[in-house]
Amino acid sequence: MMEKHEAMIRFPMLFAVLLLVSLGSMEAQPVGLQYGWLSVVWGDPDPATGESSTISFLLADSDLRVMELTIGEELLAAAGGLLALDNRYVEITLAPGPPESSLDTLPAAASIRPVAPPPGTEDLPRLLGGVSGSKPWISVMCKFSDIAAEPEDLAYFLDMYDNAAGRLDHYWREVSYDEIDVLGSSADGWFNLPNPHVTYVPTPGSGTDADLGALFNDCTAAADPFVDFSNEDTGGYEGINLMFNEVLDCCAWGGSFFATLDGVTKSWRTTWNPPWAFHQEAVIAHEMGHGFGLPHANNSDGDSDPYDSPWDVMSSATGYAVDDPVYGNLGKHVTTYHKDVLGWVDPAERFEVTENGVFAITLDPLGSATTSTYRMAKIPIGGSGSNYYTVEAREAAGAYEADIPGEGPGDRVVILHEVVTGRSEPAWALDADAPPADYADTEGVMWRPGETFVDAANEISVRVVGLTATGFDVEITLGSSLIFGDGFESGDTTAWSSTVP
Ligand SMILES: [Zn+2]
C-alpha cells in the first residue's frame, strides 16, 4: 500500500517546470495568479430542513494540495457555467485581500479560465463529459474518534449496490439505458478517524465549514490498509462514497477530489455522507449524480432553492419518490438534459430542431427501457447552441417513477425544461402558471393533450397533440409565420417569455 504523503511528491518534475516558467516571465505575472485542477463540489442539506444548497470550489495545485476558493455567479456564467470549468486545469486571478477563513482557503477569484494542463499531466484522469461502461464505486465507512455509533452494518452498504429493483446497480442501469452499471462496487468499514468530530466539523449540523479535504484524506488513509483503491490495478474505483457516523456541516456533499490513492493519481468521483444521507438512497443517488458531474435541476420560480422540481433526482431528490422499506426514498430519473450531457441519450432517440418548420414527432416516457421513437426533443432558443428547450414524456410507472406528480399510476405528462448552460442550475422545469408555483408538482408544469406552449419572442411552439399507445404525439414549430399563420388556435396557448437575456 502506498502512503498518503506520496500525493505531495507526485509531480516533482512538473513543479520544477512551473517554477522555471514563472521565473522566466515573472514581470508579466499578475499578483495572486493561481493554477490548478478545479473540482466543483455541491453541498446538499437534509431535505427535511428546507435549507438552501451551496457550491464549493476545490483547487488542487501541482502537488495535489487542495484549497478552497470562491467563484461568483457572474464569473461562472462568463466562463460558460459549472460544467465548463469542472475538472479543468484553470488559471485564476485572485482578488486582493486575505483568505476568507483558513490557510486552506484562497481569496475569491477575480478571473478564471481553463488553460492547457502542464506538460506531462495532460493524461491525468479527469472527469469530463460522457459517462459510459462499468463504474464500480466503493463505500468507505468512517467513525469520528469520539463517536462510537455504527448507524448501519457492512451488509447495508454492500447490498445498496445490488442489481435488484430499488438498489443502485439496477437504478443506474435503468436511468442510463444500460450505458453504465456499478457492478463490482464494494464497501468496507467502519474505520477509525484519528480525530474527534469537531476537528473535521466545527459547527455540526450547520454552516459549510466541514473540512472535506481532511475528511477525504483521513478516511481513505484509515481504510488504506484494508481497501485496494486501485481496484486490482484497473485504474482505481470509479468513485468513493464516504460514509460518516455523525452529521457533517449543513450538508451531504458530492463532486470530485484530486488525490493519489494506492498509486492511482486522478480525479476521484467522491461523495461525503452523514447518516441522514445514507438512510435515503435517493440522496446517495443525488450525490453520486454530482459525482458523475451533474449539477442541480430546478423549477422556474426564480428563487434560490434548487430543490423544488420533483422531476429530477438532481433537484427534489426525495419528493414524489418511491419508498423502499430498507433504503427509504429511492432516486427518480434525471431530466433529458442531464442524460444528454452524460451521453445516455442515443442520438437517434434525440430530435433536434435545426431549421424553421413544423415537426410532428412521438415521444416515449423517460422510464421506458427501450423506445422505437424519441426520448427527447431539443429546440434552440434564439439560434443559440447553449440555450434551448427540451421536451420529454414522463409516466407514473416502474421502480423509480411510479410516484411522480400527476393523477396516479399510469398517468403520463409532457415536461418542458428551459436549459441555459451558463447558470448554476441549467435546466428549469417550465410552468404555465404566472407566477410559477413554488414547487413544480402543479398542473402548470404538466403539459397534456390539447395544451400548447408558445415562446412568441423566440418563435417556438410545442403542442401536445395526443396520447399514443406508449407516449405522446407532439408538434414542434420554429418560425413565427408558421406559428401565427392560418390554423393557429391562439386560445390553446400559454405565453412564455424565455429567461434567456
Ligand atoms: Zn445536490
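**Leu 58, the zinc site and a cavity**

In this predicted model, Leu 58 sits in strand S2, which covers residues 54-60. Its relative accessibility comes out at 8%, so Leu 58 counts as buried, the cut-off being under 20%. Setting aside neighbours within four places in sequence, Leu 58 touches Trp 37, Leu 38, Ser 39 and Val 41, then Val 66, Met 67 and Glu 68, and also Ser 256 and Phe 257. Take Ser 39 from that list: 19 residues separate it from Leu 58 along the chain, yet the two C-alpha atoms are 5.0 Å apart.

Turning to the metal, the zinc ion gets its protein donors from Asp 44, which appears twice through OD atoms, and from the NE2 atoms of His 286, His 290 and His 296, at 2.0 to 2.4 Å. Along the chain, these donors are spaced as D-x241-H-x3-H-x5-H. The pair Asp 44 and His 296 ties together distant parts of the chain, 252 residues apart: Asp 44 belongs to strand S1 (residues 33-45), while His 296 lies in the loop between helix H9 (281-291) and strand S13 (298-299). Both ends of this pair are tucked away, with Asp 44 buried at a relative accessible area of 4% and His 296 buried at 2%.

As for internal space, there is one cavity of 30 Å³ or more, and the largest cavity has a volume of about 30 Å³. Its lining is made up of Asp 86, Asn 87, Leu 127, Gly 255, Ser 256, His 290, Gly 291 and Gly 293. Strand S11 (251-261) and H9 are the elements giving two or more residues to that lining. By class, the lining has six polar residues, one nonpolar and one charged. Two names recur here: His 290 is also a zinc donor, and Ser 256 is also a contact of Leu 58.

How values were computed
Residues numbered from 1 in each chain as written. Predicted model: local features only at pLDDT ≥ 70, side-chain atom pairs only at ≥ 80, totals over all residues. Heavy atoms only, no water. Helix = DSSP H or I, 4+ residues; strand = E, 2+ residues; numbered from the N terminus. Buried < 20%, exposed > 50% of the residue type's maximum accessible area, 1.4 Å probe, protein only. Contact = heavy atoms within 4.5 Å. Donors = N, O, S within 2.8 Å, 3.2 Å for Na, K, Ca; no water. 1 Å grid on protein atoms, 1.4 Å probe; cavity = no way out; pocket = protein on both sides within 12 Å on 5 of 7 lines; lining within 4 Å. Points joined across faces, edges and corners; volume = space filled by probe spheres on them. Nonpolar A, V, L, I, M, F, W, Y, C, P; charged D, E, K, R; others polar.
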